[in-house]
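Biologist: Hi! Could you show me the model, so we can go through it together?

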Amino acid sequence: MKSEIIERFTSYVKVDTQSDESSETCPSTPGQLTLAGQLVDELKAIGMENVTMDQYGYVMATLPSNTTKTVPTIGFLAHVDTATDFTGKGVKPQIVENYDGHDIVLNEQQQIILSPKEFPELPQYKGHTLITTDGTTLLGADNKAGIAEIMTAMDYLIRHPEIKHGRIRVAFTPDEEIGRGPHRFDVKAFDAAYAYTMDGGPLGELEYESFNAAAAKITFKGKNVHPGTAKGKMVNSAKLAMEFNGMLPAEEAPETTEGYEGFYHLISFNGDVEETRLHYIIRDFDREKFEDRKANITAIVDDLQKTYGSDKIILEMNDQYYNMRDKIEPVKHIVDLAHQAMENLGIKPVIKPIRGGTDGSQLSYMGLPTPNVFTGGENYHGRYEYISVDNMEKAVQVIIEIARLYEEKAE
Ligand SMILES: [Zn+2]
């Protein structure tokens, strides 16, 4: 199975599918359609049924039930795009067989080294087959590992009809990294009771809690006058912006929080005397605290407007996604089943809240409860990204075991 996984994964990562927030189209970049087309061909070739791709690049397919029992339809999802943080063009995957636990030279010329000194989890992969970058791009294990795992699991189930399962739906979706993955996802057409995104990190990860998330853009308007004659006339918008930021609790930031703690994060600060724009994201697991954080932003803006004038400070704030726990808790058995699948395979489940969101955060609110399962990758979104093929194989087995358990538990 290992060689099939490597073959699939390395073929997917060679297609540049980096998404682009500034694009208005869906998918946001044409490379995603190229890979989606390739996946359609492959799904047909392995024998999946009802293979479709819509105008937005959403690929769906069915593996029909092979049991007489009534089993709920379950889905498996992965996203075709890669992160915007680092280039995904010209990815040259490097295969390290029987990893010795020491430094891996990613790029001799530029002396880019993947070292246990910086990445202390590396030695636990001793003996594994690893796939790394050549140090100049990201790898794209997020989320092409998920695609390779779902594809390999479906292929395996088709070739092993002795493993009984209900109807299974798979989907490969665009633009997860820019938060638009679920926007045009046709939940009705997908027609599954529950789904799992194969979009987590290291072995055993199982996630069903995400942040509640909002974004705030605040524009400060100033008045520029020659500094020599500015007394009583100049309004420096950059200073208004700094005053605003100074009124937020400094310790509630990503760099000072962990676990279940929420934060305000200043993403960007652009401006001059005339006009300054601040862009924040607001995150909290607790819905009430999340609402309090947004109310706090509004209150500070109100306060400053009283001092400087309501036309000087303009606030735009939008919710982005919510904690999927609220939608998954009532069907917690879908998490318990994935938990059991891992235990049956000797994998220790690691349940922790995602300090971020996944497609599942939005899908769960669209009526498709969708926890997240590990792919086996590490250091996503950058040049040090790598993945263990041994753990990808375990992810494939988890998919198969989840499918099998749903059938076993059905009447
Ligand atoms: Zn991802």
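Biologist: Which residues does Leu138 touch, not counting residues up to four places away in sequence?

Modeller: Leu138 touches Thr82, Ala83, Phe86, Thr87, Gly88, Val91, Thr133, His381, Gly382, Arg383 and Glu385. Contact here means heavy atoms within 4.5 Å. Before we go on: this is a predicted model, where local features need pLDDT of at least 70 and side-chain atom pairs count only at pLDDT 80 or more, while totals for chains, interfaces and linings use all residues. Residues are numbered from 1 along each chain as its sequence is written, and side-chain values use heavy atoms, with hydrogens and water left out.

Biologist: Thanks! Why does Leu138 count as buried?

Modeller: Because its relative accessibility is 2%. Buried means under 20% relative accessible area, exposed means over 50%, and partly exposed is in between, with a 1.4 Å probe and protein chains only.

Biologist: And where does Leu138 lie?

Modeller: In the loop between β7 and α3 (141-159). Helices (H or I, at least four residues) and strands (E, at least two) are DSSP runs numbered from the N terminus. The C-alpha atoms of Leu138 and Asn379 are 9.4 Å apart, although 241 residues separate them along the chain.

Biologist: Ok, what about Asn379, which loop is it found in?

Modeller: Asn379 sits in the loop between β17 (377-378) and β18 (386-388), and so does His381. Asn379 has a positive phi of about 55 degrees without being a glycine. His381 has a positive phi too, near 75 degrees. With 24% relative accessibility, Asn379 counts as partly exposed.

Biologist: Now the acids. Which residue's side chain is joined to that of Glu121 by a polar contact?

Modeller: Tyr386, at 2.8 Å. A polar contact is a pair of N or O atoms within 3.5 Å; within protein, one must be able to donate a hydrogen and the other to accept it, and residues adjacent in sequence count only if both atoms are side-chain atoms. Glu121 is buried yet has no salt bridge, and the nearest side chain of opposite charge, Lys352, is 11 Å away. For charge, Lys and Arg count as positive and Asp and Glu as negative, while His and the chain ends are not counted. A salt bridge needs a side-chain nitrogen of Lys or Arg within 4 Å of a carboxyl oxygen of Asp or Glu.

Biologist: Is Asp81 buried or exposed?

Modeller: Asp81 is buried, and it has no salt bridge either; Lys144, the nearest side chain of opposite charge, is 8.7 Å away. The Asp81 side chain does make polar contacts with the side chains of Ser19 (2.9 Å) and His79 (2.8 Å). Asp81 is in the loop between β3 (74-79) and β4 (94-96).

Biologist: Changing topic: what order do the strands have in the open sheet of 4 strands?

Modeller: The order is β12-β13-β11-β14, with antiparallel pairing. Strands pair if DSSP finds at least two bridges between them. The edge strands, β12 (263-271) and β14 (313-321), each pair on one side only.

Biologist: How many bridges join β12 to β13?

Modeller: There are 8, and these two strands run antiparallel. One example is His265, whose bridge partner in β13 is Ile281.

Biologist: Last one: where is there a cis peptide bond joining Pro27 to another residue?

Modeller: Between Cys26 and Pro27, with omega about 0 degrees. Asp142 and Asn143 are also joined by a cis peptide bond, with omega about 15 degrees. Pro27 is in the loop between α1 (2-13) and α2 (30-46), whereas Asn143 is in helix α3.
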